[in-house]
Amino acid sequence: GLLLFTNDGALMQAMTHPRHQVDKVYEVTVTGALEGAAQRLAAVTELEDGTPVVPAQVEAVWQKGGQALLRVTIHQGKNRQIRRMCAQVDLQVARLRRIAEDALTLGDLKTGQWRYLTDAEISALKGSERILSRACYIRYAPVWTAFPRDRSGLPTTYCLTTTKLPL
C-alpha cells in the first residue's frame, strides 16, 4: 500500500505519532463471519491484550461469496492493529492495503512506481499544519529501493520498502 518517504523528520513525526490523529485509510479484504462485520469491527475499543484503541470508521464496500471488502480508517496505527481487530470479531484478513494517509492518496500508482508529491498535496499537508521542508515521495512497491539524488541539491535520500509477505 501507500508508503511516504521523506528526509524531513518533523513531517514524519507529525504523520506517524498517534497524538496527531492522522487518518490512515485501508482496504481490507476479509473472510469469516461477514454478517454485520463493519459494525462489529467499528465497535472494537480494545485489542486482545487490553490495549485501548480509538474506534475505527468502517465502511462495507462490497460482499460476494465468502469475502467482503471493508474500508477501514484508523488514527493510531498500533502494531498489526487492523489484523488484531479483525481477529477479535472472527474475520480473517485476506488482503490489507493502505490507500490514503492524511491528504495523500495512492490513486493510480502501480506496484513498483513512485512519484513526487504534487503542489496540491504539499499545500494540503501545510494546510494540515504540518511543515514540509524537503521533498517527499509516495511509493507503492514490493522491492528495496534507493532513490537517486534529486535536483534540489538535497543529500541523497535512501528509501526502503518491504516485500509483499504471505499472510
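In this short talk I will go through the cores of this structure, then two polar residues, and finally the aromatic rings. Please keep in mind throughout that what we are looking at is a predicted model.

Let me begin with the nonpolar cores. As a general background, nonpolar side chains tend to be buried together in soluble globular proteins. In our model the largest nonpolar core has 22 residues, and the members that touch the most other members are Val 28, Val 30, Leu 41, Leu 70, Val 72, Cys 86 and Leu 91. If you ask where this core draws its residues from, at least two come from each of strand 2 (24–32), helix 2 (37–42), strand 4 (67–74), helix 3 (81–88) and strand 5 (91–101). Strand 4 contributes the most, namely four residues.

To see what this looks like from one position, take Val 28, and set aside its neighbours within four places in sequence: Val 28 is then in contact with Ala 68, Leu 69, Leu 70, Val 72, Ile 82, Cys 86, Val 93, Arg 95 and Leu 96. There is also a second core, separate from the one just described, which has nine residues, among them Leu 11, Val 22, Leu 104 and Leu 109.

Now to the polar residues, starting with His 75, which lies in the loop between strand 4 and helix 3. Is His 75 buried or exposed? His 75 counts as buried, because its relative accessibility is 17%, and the cut-off for buried is under 20%. Its side chain makes a polar contact of 2.8 Å with the side chain of Asp 23. Beyond the neighbours within four places in sequence, the residues in contact with His 75 include Pro 18, Gln 21, Val 22 and Val 54, so that Val 22, a member of the second core, is one of the residues that His 75 touches.

Arg 71, by comparison, is placed in strand 4, and because its relative accessibility is 26%, Arg 71 counts as partly exposed. Its side chain is joined to that of Glu 27 by a polar contact of 3.4 Å. Arg 71 and Ala 60 are eleven residues apart along the chain, and their C-alpha atoms are separated by 6.4 Å. Leaving aside neighbours within four places in sequence, Arg 71 is also in contact with several other residues, including Val 25, Tyr 26, Gln 57, Val 58 and Ile 99.

Finally, the aromatic rings. How many aromatic pairs does the structure hold? The number is zero. The ring of Trp 62, however, has the charged end of Lys 64 sitting over it, 5.0 Å from the ring centre.

Terms used:
Residues are numbered from 1 along each chain as its sequence is written. This is a predicted model: local features need pLDDT of at least 70, side-chain atom pairs count only at pLDDT 80 or more; totals for chains, interfaces and linings use all residues. Side-chain values use heavy atoms; hydrogens and water are left out. A nonpolar core is a set of buried Ala, Val, Leu, Ile, Met, Phe, Trp, Tyr and Cys residues joined through side-chain atoms within 4.5 Å. Buried means under 20% relative accessible area, exposed over 50%, partly exposed in between (1.4 Å probe, protein chains only). Contact means heavy atoms within 4.5 Å. A polar contact is a pair of N or O atoms within 3.5 Å; within protein, one must be able to donate a hydrogen and the other to accept it, and residues adjacent in sequence count only if both atoms are side-chain atoms. Rings of Phe, Tyr and Trp (its six-membered ring) pair if their centres lie within 6.5 Å; planes under 30 degrees apart count as stacked, over 60 as edge-to-face and the rest as tilted. A charge sits over a ring if NZ of Lys or CZ of Arg is within 6 Å of the ring centre and within 35 degrees of the ring normal.
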